[in-house]
Every structure is written in structure tokens, then in C-alpha cells.
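Here's a walk through one model, starting with a single helix and working outwards to the chains and their contacts. Keep the structure open as you read.

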Amino acid sequence: MTVASDKPKVGLFVTCLVDLFRPVVGFAAVKLIEEAGCAVDVPMAQTCCGQPAYNSGDRHDARMIAENTIRAFENFDYVVAPSGSCAGMLKKHYPALFKGDARWEERAKAFSAKVHELVSFLADVRGMDRVTAAGGGSVTYHDSCSGLRELGIKTQPRALLASIPGIELREMRDPDVCCGFGGTFCVKYPDVSNSIVETKTQAIADSGADLLLAGDLGCLMNMAGKLKRQGSPVEARHVAEVLAGLTDGAPIGGRD
Amino acid sequence: MQITSPSFKQNARHALDDVQLQKALGNVRAGFIDKRQKAVDALPEFDALRDSARDIKNHTLENLDLYLEAYEQKVTASGGQVHWAETAADARSIVLDLCRTRGARTVTKGKSMITEEIALNDFLDASGIVPVETDLGEYIIQLRGEHPSHIIAPAVHVNQDQVEADFRRVHTHLPVDRDLTEPETLLDEARKVLRAKYFEADIGITGANFLVAETGSSIIVTNEGNGDLTQILPRIHVVIASIEKIVPTLNDAAQILRVLARSATGQDMSVYTTLSTGPRRPGDPDGPDEYHVILLDNGRSAMLGTEFQEMLRCIRCGACMNHCPVYHSIGGHAYGWVYPGPMGAVLTPALIGVEKGGHLPNASTFCGRCESVCPMKIPLPKMMRHWREKEFERGLNPATQRWGLGIWAFFARRPQLYALATSIVIPVLGALGKEKGRFSSLPFAGGWTKHRELPAPETRTFRQQWAQREALKQGGTA
Amino acid sequence: MTTPRAAILGKIRGALSGADDSARRAAVEARLSKAPKGVIPARGQLDDVSRIDLFCAMAEKVTCSVARVRSHDHVPKAVSDYLRARNLPHAIRVGDDKRLKTLPWDQIKTLEIRRGASDGLDEAGLSHALAGVAETGTLVLASGKDNPTTINFLPEHHIVVVDAKDIAGDLETVMAKVRRKFGKGEMPRTLNLITGPSRSGDIEQKIILGAHGPRAVHLIVVG
């Protein structure tokens, strides 16, 4: 039974990709949010943020999914997602789905105001300036597009990483340029996507870092998948794994 | 020009395989981005100017009819003539009529995307009138029988050795042993060849970056000076401009000029900003005897009042394509019509129809870099999404996509069913991929695994594991 | 039959339907008559001395060369010096601008003065600017018999005299001057804003000077 407390209650929107492919990111998020002095719960009624429908022009399904998400999360103090892309969808795009439906639009706005991307929540909302994790080695950080441009996440992950003794950040060329994932884009236009990710993996390789970090699992699966296909020794993890010190398991795409 | 946007995927494939093109595209990345950033960083008011520029255009669009009328009145008062054209064909026939009635045989042209949009060169050629492009980049691609691959750097897809080969092929009156190994010598040659053309031409045609309602002026913004020679040497100057080029006043133009060149080439100002008002005045020793403006609608009025109205703020600086990872990969021709890159992905479906231009707004990762650099703050990704909505509403996207999306949405809307399905599928996939931690190929994932490995899921979903953990906790405290 | 003009304006009005027409008219008239200034960068808002210095510095940044002289009387020598330093023919194309015409050209014995518009054969042309813009190092030239537009573009070298007192901080100030000089809403046939010598980046994005206009722009700042 959950003990009642005066800690802020955070609903973890785990994101479909983390839920299905990389649960460790979810546990890392829980650990970090708890370290930031909050109580975490995971509503079981969540599925996906709805971006695949929304970005494919299917507003109806996107709205239905959004309603489901809002219902599941609107009673929390905060809604936190370990993804700039999904958090951006929840925070910046949900209200637009309800244009013309005043009651739902208000509800969506109230919900969106509580939504934060994980690292931004830790640093900007909870004022966290260091983490307790230990670690080491050279890392390079890719700024995922939605987190960077919709939510202004750039310095926060770097600052928290810098608080880990032994971690050396080696910036790649153009860390703010898209990796070519783009959700359904990467399967609709695989050749173009491939050209973009090849440019990205070259920049990653040139950075000389051993570990690639980012805040979005979609981008990470794309980049890690390409690195693996190229036979690169660079490993990839979600930044939350490193910040939480949960790096015992295999990196994304397995260990060679 | 022929529209090849429907075969965007094949176009892109060819572009990716084109070694010369891929080499040239490296120049886009290197040439524009750093220069823009430097110019922007040097002007603390840049972002405030973007807001100002956006507001000016918004105001103008909301009063477009009134500003067009005011503009027309000033042009007429200064001795110029305004022609209204609803369609590309109307604009072309106005030009042809001017050529025929004035006995024009050759026209020189300043760089103008609107004349590309109305395919003026092919039309003039077919009508027995010789159009001569005078911008170096436009001249190069005219020699090559191509179209611009970039709205401000039309020949950005061409490498220097290709230019040399083209000049040798066409400029046969020059010594064969001449040295053309430097860009300077190539430019010199073009300068000399074209200098004669300005004097021969009967009509000079330019586009316009702005039309100023306050004064009836048309403004062109260039670096080479060809646009100016095009409009001051021939007897007749014809401006072709679409209706959204209007700005209210000279001061409004001054605001937008501050963001235009910085966004385009990283200059504070382009070399030549030229305001032209009417024909030569009494006592003027130079300048054209006639001044005509063709105001072209060609689909713009149909964008007003719709979710695409904001696109009419576009000032054609090219910053969106300069910063677009998709454009960097495939260049401009793959987009299959006049306007490439993010601005083309929004504008093209509006002008040629989403049935033909539908790939363009889909071929975007929504990375948002275009919007972040757009001097007019046009929400390009949002409008690409609107096109996807139009396609979806009309059932224009491929059946496989609709099916896939439909099945996924069916589950995503039903949390319990979704949980059940994923709790069955994920452990199976996890077990299959356990050894390597990834898949090199997988049924239904060919789009992904063609170029990259698919990381395998862990053994169970996060929610399965979380539920178990919570249950254990409760068991422990009970 | 509907004219294309009526059709286009009709479509625009249809798309904007619902807006209050009289309010729109009033807003448009107000904007056209008042021509409000927007954001004016601080860069050019300087005292006289610093503003002129900034103008020269910005012009040099865009690869103009700059000479400063105390009065108009020194212009002929400055022109001659420029031509000699670059081994150019000792001839200059110039319009009817009184500020240039009345100068002591006879002091420079061998300098050939060619009057009127350029025919494309001149190596060097001389103009008097209407104004300068310190913010960007931009020259403002108005067409007419005083300063024919062809001189701005056809010669390889363009020498431009700018009065220091005509150097404004920003373009808006120059536009106000144009309104005063030519009348509100009136313009010379051509107003050229020139920022550096002609250039092209169309071959592999390499910037080369001297595309179709002058290869070199030389400023003589007076005062």
C-alpha cells in the first residue's frame, strides 16, 4: 500500500518505446524522480502519446489517445516522460487537438501545464544540479529535436552529466542536427533517413566517445541500430540510465 | 516544367546515388549555416526583428486587398502599368503580349523564382523569344537545361569542373586553350558573355522581393548586379511578382530586409537592394522607358484564410532548406518541382495539389530546425502536418500505411487490450532477440532493418515489471 | 465579364470575410501615412563621430575601400590618387551632380571627365551618394541626371562620394530623408542601396568579387 506523503505526486508517462523496448529507462526515471523528492506512480491505462497518428494526419485517433492519456494523468501534480518528443506532444500539441471543444481544450491545457520531460523536470522544476551516480568513460550527447527545439533542453543533461565524476563529455559535430529517425519517417523514407543517420554516426565516431547518450529512445534506437550495423564499438544508452547509475545491463542493441 | 514530385522516393534514391550531387551538397552545409549564425549573433535585436517582420506580414495579409489597391494606384501614378494575372498561363500571355507588341526578340532575366513557377523560359523559347538568364547560377543551369535546385543558390548542385565543361561546350567563340581552372576565371567569362546580352535585350524581366504600397516601388535584393543591369539597360522593365510580396511602407521593407540577407547568406545586407518606381523620368539619362508589373495570384488567394495562410509570409531566403537534413541529403531537384526544402514542402502542395505534392510534407522528420531559423517564424512543420491531415481525410496515403496505422491506433486507444497484446508480443520478441540483443531483419520491419539493426526488447514490458514490483511491495507491507 | 483584377481582389475579400472593413481601411490608411518604425538596432544609434567611424568600418567589412577627406575640394585629388594607385586610365565617368561638377577638377591636369550615363566602356565611375547607413555600411544612391544609375553598375570601379553629414544610423532615417526630398510617397525612378562591390557565390559557394557590377567600390567620405 502506498504511503501517503506530502511529496509531489508524479505520474510517469513511460512512453511506448521505453515500455516495450527498454524498461530500464523507466526504472531509471523512477529512481531519479524519487531522488528529486517526489512520489512516482505509473498509471496502467497509458499506451502511447499518439504521435504516430497525429503526425500521420489522423487527428481523430490522436485525439482519442490524448483523451485516454489526459484521463489517466490529470490528477497528478506532475506528468513526467523520459522523452522530449513524447513530452513535447503532451505539452505542446495536445491542446491543439481539442480546438473548438472548449471543455476538453481547457482540460488539455491544464494537463499540458503539468507535463515535463524527465531531465528538464529534474533540473528546471526540482532544481537538481547533481546526481549520485558514479561512472566513467567518454560520452557524447545528441540533442533530440523535439526536446531541444520544443522544450529548450540543451544545457540540463550536460550539467547533470558533468556532476558525475569520471565522465568526460566529448561533443560531436552538430549535436543539434536531426538523426533521421522522425518517427514513421524512417520507415516511410528509409533511404533518406539512412543518409541522415549516416552523417550522424560519422559525427559520433569522430567525437571519439565510447558511449552515445540522448534523451529519446526513438533516436537512440535509430542511431544505435546504425552503429551496430556499421560494426561500430560505440555503445548507446538513454541519458537517464547513466544519470541513475543503472548501466549494468546491455546497451541499446546488445553487447558484442 | 515537368512535375516529378509524385516520384519523390525514386528521385531521392537517384540523388543519394549521384556522386557529383553529394559532393556539391557538402557546400550547402559548409556555406550557409555558420555564416548565418555569425550574422545573427552579431545583431542582438535579431529575434525582435523576426517578430516585427512576422507582424508586418500578418497585418499585410489581413489587408491584402487594400494594400494591393494602394500599391496599384502608386505604380500608375508614377507612370508604370499594373497587370493582374490569376494564373500562370495568364501571366505568361501578358509577358508574350508585351514582347509581341514591342517587337521584342530577346529578354534578359534577373533571378526570379516566380518565373520558374510559371515556367516562363520554356514558354518564351517556344514562342520564338530568347530568354537569357543573367544571374551566374541561373545562367549555368540554363546552359545545362536544368532548373534551380535551391531558391537562392540555383546551381548549388553543380560543381566547378562541371561549370567549366559547360562553358567550354557553349562558349565556342572563345579560345579552346583558355584557362578556366579558377572560379574567378569562370565568373569573368560569364561576365563578359552576359555584358553584351544586357545591351542587346529589348525587355528585362525581374522578380521582386517586395512591393511597397506606400510608394509603388518594387524591390529586388541581389549580390551580383545582374538584376540591376537587367532592369536599367533594356527599353522595358517587366516585374513579375506574386500578390503576397506586398509590404505597406518603406519602413516595413527596412525591417524585413534586416532579417532577409542574414537568414539567406549571412550578410547584414545583400550587395544590391534596388527600389524601382515607374519608368525613366523626364531628364533621366538612363533607365527603362516602360515599367510593367504583373501581379500574379496563382493559388495565393486560395491559401488566405486557411491553415496555410502563414506560408504567405515567406520571403524566399532559403534558410529552411539550408538547415534541413532532408535537403542536405537529396538536394532540391528530388522535390520534383520549383520549390524545394521545407518551404517547398508546404507551398508545393498548395500550388500543384496535394495529390501530386503529397510526398513533400511527408518527407520530413519534423526536426523543427527550419522553423527555428525561419526569419518570418513560419511554423513549417505544423503546416506540413496539416497537409498530412488533408491527405488522411481524403484517403490519399498508401493503403499499407493506413492499415498499419489503423491497427496500431485500435490498440493504442484501448489500454487494456494494448497491455494484453504487448505483454504477449514483447516477451516473444525479447526471447527471439535475447542472444544478440538486436535483429538484422524482421518481418514487417524491412523499412527499418534495410539500413540498420533493430534493437531487441528486454524480456518484458516496463509495465509488466512495474506491476510485479508494486505487487511484491504490497505483499511485503501487507 | 469579371476582370482578373476584380477576380483576384474578390477572392482575397472572400477569404478575409468577417473582418470589419471600415476598421481595416482605417488601419491601412494609418500605416501608409504614418509609416511606423519597427525595431531599430542599437548598433547605428551613435554620436556623429562614432556613427561616421562605424559607417567606414562596416563599409570596409564588406570590402569597400575608404578614403576620408576634409572637404569637397579634396575630392578630385582623392579620385586621381585612387585611379593612379590601381593603374587605371586617368578618366572618370560622372553625372551632373552640382556637388561634383563645381569641384576644382582643373587642378588635376590629365584627368579626363566623361559626362552623362555610362556606356559600358568606362573603367571608373564617380557618384555622389544621397546618404550612407552606418548600421550596415550601405550607400544610398538616387537615379537621375545628377547620378545616372548606369554609373553604379557598368564601370569596373565605382567611386562614391558621401557627405559625412548624410550618414545616418539606420535605413529608416534615410527613408525619412527620401520622403522629405522627393515628397511623401514619391520616389526617384531608382533608389540603389549598395553594400560593397558586386559578388557571386554561385560556384561552389566561394565568394568572388566582381560579378556583373563593379569589382571595387571606393568611398570618399567628406567631412
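## One helix and its neighbours

The buried residues of α9(A) pack against four elements of chain A: α7 (118–125), β5 (137–142), β6 (167–169) and α13 (239–244). Contact here is called when two C-beta atoms, placed from the backbone, lie within 7 Å. Helices (H or I, at least four residues) and strands (E, at least two) are DSSP runs, numbered from the N terminus.

Which residues of helix α9 (residues 155–162) of chain A are buried? They are A:Gln156, A:Pro157, A:Leu160 and A:Leu161. Looking down the axis of α9(A), you'd see these buried residues fall within an arc of 130°, so they line one face of the helix. That arc is taken over the directions from the helix axis to the C-beta atoms. A buried residue has 20 or more other C-beta atoms within 10 Å of its own; exposed means 12 or fewer, and partly exposed is in between, again with C-beta atoms placed from the backbone.

## Where the model comes from

This is a predicted model, in which local features need pLDDT of at least 70 and side-chain atom pairs count only at pLDDT 80 or more, while totals for chains, interfaces and linings use all residues. Residues are numbered from 1 along each chain as its sequence is written, and chains are lettered from A and ligands numbered from 1 in the order in which they are written.

The predictor gives the complex an ipTM of 0.98 and a pTM of 0.96. For chain C the average pLDDT (the predictor's confidence in each residue, from 0 to 100) is 96, and 100% of the residues score at least 70.

## Chain C on its own

Chain C has 7 helices and 12 strands, and its C-alpha trace spans about 70 × 45 × 40 Å along the principal axes. Of its 223 residues, 49% count as buried. Take the contacts in chain C with a separation of 6 or more: residues 24 or more positions apart account for 73% of them.

The domain assignment splits chain C into domain 1 (1–34) and domain 2 (41–222), with bounds that come from an automatic or database assignment. Their centres, taken over C-alpha atoms, are 41 Å apart.

Now look at strand β2 (residues 91–94) of chain C. It runs parallel to strand β3 (residues 112–115) of chain C, joined by 4 bridges, and C:Arg93 stands opposite C:Arg114 there. β2(C) also pairs in the parallel sense with strand β4 (residues 124–128) of chain C, over 2 bridges; C:Val94 has C:Leu126 as its bridge partner in β4(C). Pairing requires that DSSP finds at least two bridges between the strands.

## Where chains C and B meet

This contact takes 60 residues from chain C and 77 residues from chain B. Elements giving two or more residues on the chain C side include α1 (4–15), α2 (21–34) and α7 (171–182). The largest share comes from α1(C), with 9 residues. By class, the chain C side has 27 nonpolar, 19 polar and 14 charged residues. Ala, Val, Leu, Ile, Met, Phe, Trp, Tyr, Cys and Pro count as nonpolar, Asp, Glu, Lys and Arg as charged, and the others, Gly among them, as polar.

Strands pair across the chains too: strand β9 (residues 272–276) of chain B runs antiparallel to β9(C), with 5 bridges. B:Leu275 stands opposite C:Leu191.
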